[in-house]
Amino acid sequence: LVRDGRENLGAMASRNFLKAVADVKVKDLPVHIQKNYIGPRDTWIPRIEKSLRQYKAKHVDSGSFTPLKQVMIGVFALSYVTGLPAELRHLRHEEAKKRGEKH
């Protein structure tokens with residue numbers, strides 16, 4: 001979890017989240033998450049705008065390659081997930097054909 005002297009932020013965030021919800025009852029968990037992590041609906045747009053401005057300042061304005069990598073990874077993941085059902089149908093059909101089953 002430690003790389004270059006720094007702890008992985010995702011692991012640290014997960015650990016902090018688990019510590020925070022450790023004492024919350026399961027039935028109270030959705031309310032706890034809504035109140036402490038999601039917040040009221042009228043604050044979503046300003047928070048998203050703030051996050052996008054921070055992302056732009058950190059990555060886009062500095063000329064970083066990171067946004068391009070993230071778009072490429074996102075497009076790959078989306079196309080993989082979108083094409084997976086058709087590919088699985090094709091593989092099942094091929095296996096059935098090999099076993100001699102009629103389709």
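In the predicted model, K56 counts as partly exposed, its relative accessibility being 43%; this value lies between the limits of 20% for buried and 50% for exposed residues, and the assignment to the intermediate class therefore follows. The side chain of K56 takes part in a salt bridge with that of D61, for which the N to O distance is 2.9 Å. The structure holds one salt bridge, and the pair formed by K56 and D61 accounts for it.

H59 is a residue of helix 3, which spans residues 44-60. With a relative accessible area of 14%, H59 is classed as buried, because this value falls under the 20% limit that defines the class. When residues up to four places away in sequence are not counted, H59 touches S64, T66 and P67.

Helix 3 packs against helix 4 (residues 66-99) at an angle of about 115°, and the axes of the two helices are 9 Å apart. Helix 3 is therefore roughly perpendicular to helix 4. On the side of helix 3 the contact is made by Y55, H59 and V60, whereas helix 4 contributes T66, P67 and Q70. When these residues are sorted by class, the contact of helix 3 with helix 4 comprises three nonpolar and three polar residues, with no charged residue among them. H59 thus appears in this contact as a residue that is itself buried, and two of its partners named above, T66 and P67, belong to the contributing set of helix 4.

A second helix pair is formed by helix 1 (residues 9-21) and helix 2 (residues 29-38), the axes of which come within 11 Å of each other and cross at roughly 125°. Helix 1 and helix 2 are therefore oblique to each other, since an angle of roughly 125° falls outside the range of 65 to 115 degrees that counts as roughly perpendicular and is not over 145 degrees, the limit for roughly antiparallel. The crossing in which helix 1 passes helix 2 is right-handed. The residues that make the contact are F17, A20 and V21 on helix 1, together with L29, H32, I33 and Y37 on helix 2. By class, this contact of helix 1 with helix 2 consists of six nonpolar residues and one polar residue, and charged residues are absent from it.

Helix 1 also contains R15, which is partly exposed at a relative accessible area of 32%. Between R15 and A96 the separation is 81 residues in sequence and 46 Å in space, taken from C-alpha to C-alpha.

Note on methods. Residues numbered from 1 in each chain as written. Predicted model: local features only at pLDDT ≥ 70, side-chain atom pairs only at ≥ 80, totals over all residues. Heavy atoms only, no water. Axes fitted to C-alpha atoms, helices over the stretch in contact; angles between N-to-C directions. Helix = DSSP H or I, 4+ residues; strand = E, 2+ residues; numbered from the N terminus. Parallel < 35°, antiparallel > 145°, perpendicular 65-115°, else oblique. Left-handed = near helix turned anticlockwise from the far one by under 90°. Contact = heavy atoms within 4.5 Å. Nonpolar A, V, L, I, M, F, W, Y, C, P; charged D, E, K, R; others polar. Salt bridge = Lys/Arg side-chain N within 4 Å of Asp/Glu carboxyl O. Buried < 20%, exposed > 50% of the residue type's maximum accessible area, 1.4 Å probe, protein only.
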